[in-house]
Amino acid sequence: MSASKYAEQYQRSLSEPEIFWAEQAAKLRWHKPWSKVLDDSKAPFYRWFAGAEFNTCYNALDRHVEEGRADQVAITYDSPLTNSLKKFTYRELRDEVALFAGALRANGVKRGDLVVIYMPMVPEAAVAMLACARIGAVHSVVFGGFAAPELAKRIDAAKPVLLVSATCGIEPGRVIDYKPLLDQAIELAEHKVTRTIILQRPQREAALIAGRDVDWQEAVEAAQPADCVPVASTDPLYVLYTSGTTGKPKGVVRDHGGHAVALMYSMKTVFDTNPGDVFWAASDVGWVVGHSYIVYGPLLQGCTTIFYEGKPVGTPDAGAFWRVISQHGVKTFFTAPTAFRAIKKEDPEGKLIGQYDLSKFKTLYLAGERCDPDTILWAQDKLKVPVIDNWWQTELGWSAIANCQGLELMPVKPGSAAVPVPGFEFAVLDNAGTPVKDDDIGNVVIKLPLPPGTLSTMWQNDQGYHDNYLSRYPGYYLTGDAGYRDTDGYLWIMSRIDDIINVAGHRLSTGAMEEVLSSHPAVAECAVIGVADALKGQLPVGLVVLKAGVTKSSEEIVRELVERVRAQIGAVAAFKQATVIARLPKTRSGKVLRSTMRSIADSQPHTVPATIDDPKSLEEIATALQALGYAK
Ligand code: COA
Ligand code: AMP
């Protein structure tokens, strides 16, 4: 491969995007061709493959069955948490999906209707997603680790006609009863869900509510298989809610055609995979990584994908990943850096790696949070394969910055996700919108139009899309990240510019946690900041000011606050630390100095803003954070 392959493709993706993406689209099957590759008539709202008809499920399943992959394994479900292993060939998966699609239809789901899916990491989650796609319904998967009030928020925002769930999820050492969570969420939501389909898992049988809940098995047994329905390429395939700066999650909308084209392209270009390869993303269907690289990407590319219900450590040990890679012949493995930090902590010498045959394993991909250079170097040293950091976001849907191994492997610079992927034109701007010099940090933005596969809008909220992402710098998409470009053209993403934090690769809103803390009757005001953590990247810490006259002890209030965040957002928020303080440091105009507090907590240099109301308040914060083990 010539050394300029990346540069040539990258340039072409920007100079002739319509020809470039039409070439990629030709690898898929279209029910009706597009009239316009890029419809810019409603800019800055762009649409890819306008006028075309397409079906994602057809391209992910039926196409492969028809083209000779019927007996190849499509999904391997490997669950150390339940001691199960199950494989579905493309034919079997297509048939299961067609039946479940029939069951959805029999339960009132029509083309364009929205279905919420709240499921653990079982293959039925993929069956439900693909079944929606098959009949032109829109799915919205909610991560199974979110508590009932968060699920209720998403039900109210998405307004589903039906909800698909299971009786339980499994975490190490405990079964998470989903049914009570589901009932509570349905009760809390203003939008009334009148029909659910529930998968009874052997670990937990649950009583169903007559007239509302339908048993998965019974629904499937009664169903007629449904065929793929051609939909407009620009129709929504799914909505995925992600954390914004407030407690209100943002519903990212993904279309059918552009999404499939982009994922197929990334499977080859970024991940260097071919049909028949075994691809494993150790994440969860509730996150965008699960959508793009557990379900849609590998299946569109004709790969075998692994559904892993387990953890990197403790199921049963820090060799779990190597066992799966070796047992299933994984070629490409994708996970979050935090998982590697957990493994490194338990097996620093990487001794368990030597117990497995990893001869088929070719590349490790890491994403979801900033990857510290130590973790990359450790993984490179122990695994002896290229370790490729890649940067993207729920909104973008696929890797936007990466070392595109499918074109050529460039030198790895630990700490940088490397270069823009073809289709993405980045800029780094100062607050006034002027590009900064190389090596200077600024706001990372992407020039419009974004390539296919990225968000087309926010669910039923074009204005929200515009206000959140497009208005700050006209002509650009605001990523919300700060970073810089070096003189070799590598991009270095360093932090967020807002109050979103990243805990163990999970994107969380400190605003949502602050809402929960503020709702406690003893709390007058509060702030939640993300502090650096060696394992999870960041952890939330609550700083609360109590109302006058509160008689409860601070310890008791902190315990209640921790319990509240767990019950209202979920254990996944990892909110375990809070402290009571006399006052929050603020500017004279009343703005809470969150980023200064963050710097103090992380023992980073900081300047005291000239507008601070009382500099002593920062000293008090430093003392409070020291008591929690920070600000050393
Ligand atoms: N349902 C219910 N609870 C869940 C859950 C789910 N689907 N997923 C996580 N939780 C709970 C956990 O049990 C834990 O509860 P606890 O506070 O009672 O221990 C809490 O949420 C935090 O979970 P997690 O973030 O998984 O942390 P952990 O301490 O259990 O494990 C790691 C740490 C590093 C092993 C783990 O975070 C991990 O595997 N990360 C991989 C990263 C990843 O998949 N990121 C997705 C984006 S790519
Ligand atoms: P999510 O939408 O959950 O995928 O989170 C996206 C955010 O995670 C980005 O905006 C970044 O802040 C962060 N992120 C994801 N991948 C990386 C990476 N490779 N390097 C640095 N930050 C990352």
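**Exercise 1. Into which domains is the chain divided, and which residues does each one take?**

Solution. The chain is divided into domain 1, residues 3-483, and domain 2, residues 504-627, with bounds that come from an automatic or database domain assignment. This is a predicted model, in which local features need pLDDT of at least 70 and side-chain atom pairs count only at pLDDT 80 or more, while totals for chains, interfaces and linings use all residues. Residues are numbered from 1 along each chain as its sequence is written, chains are lettered from A and ligands numbered from 1 in the order in which they are written, and side-chain values use heavy atoms, with hydrogens and water left out.

**Exercise 2. Describe the interface of domain 1 and domain 2.**

Solution. Begin with the distance: the C-alpha centres of the two domains lie 32 Å apart. Next, take the contact, where heavy atoms are within 4.5 Å; domain 1 gives 23 residues to this contact and domain 2 gives 20 residues. Then turn to the buried area, that is, the accessible area (1.4 Å probe) that two parts lose on being put together, summed over both. Domain 1 and domain 2 bury about 1,600 Å² between them, and 50% of this area is on carbon and sulfur atoms. On the side of domain 1, Ser 243, Trp 287 and Arg 341 lose the most area to domain 2, together 25% of what that side buries.

**Exercise 3. How many salt bridges and how many residue pairs in polar contact does the rule find across the interface of domain 1 and domain 2?**

Solution. A salt bridge requires a side-chain nitrogen of Lys or Arg within 4 Å of a carboxyl oxygen of Asp or Glu, and across the interface the rule finds one. A polar contact is a pair of N or O atoms within 3.5 Å; within protein, one must be able to donate a hydrogen and the other to accept it, and residues adjacent in sequence count only if both atoms are side-chain atoms. By that rule, eight residue pairs are in polar contact across the interface, both residues being at pLDDT 80 or more.

**Exercise 4. Which residues are the closest to ligand 1 and to ligand 2?**

Solution. A residue counts as near a ligand if one of its heavy atoms lies within 4 Å of it. Ligand 1 is surrounded by 23 residues, of which Glu 171, Pro 312, Lys 536, Arg 566 and Lys 576 are the closest. Polar side-chain atoms lie 2.8 Å from an oxygen atom of ligand 1 in the case of Arg 566, and 3.0 Å from an oxygen atom of ligand 1 in the case of Lys 536.

Around ligand 2 there are 14 residues, the closest being Asp 389, Asn 390, Thr 394, Arg 496 and Arg 507. The side chain of Asp 389 has an N or O atom 2.8 Å from a nitrogen atom of ligand 2, whereas Asn 390 places a backbone N or O atom 2.8 Å from a nitrogen atom of ligand 2. Arg 507 also meets Glu 395 in a salt bridge between their side chains (2.8 Å, N to O).

**Exercise 5. Find the peptide bonds from Ala 43 to Pro 44 and from Leu 448 to Pro 449, and describe each.**

Solution. Most residues other than glycine have a negative phi, and most peptide bonds are trans. The bond from Ala 43 to Pro 44 is cis, with omega near 10°, and the bond from Leu 448 to Pro 449 is cis, with omega near -5°. As for phi, Asp 272 has a positive value of about 55° although it is not a glycine.
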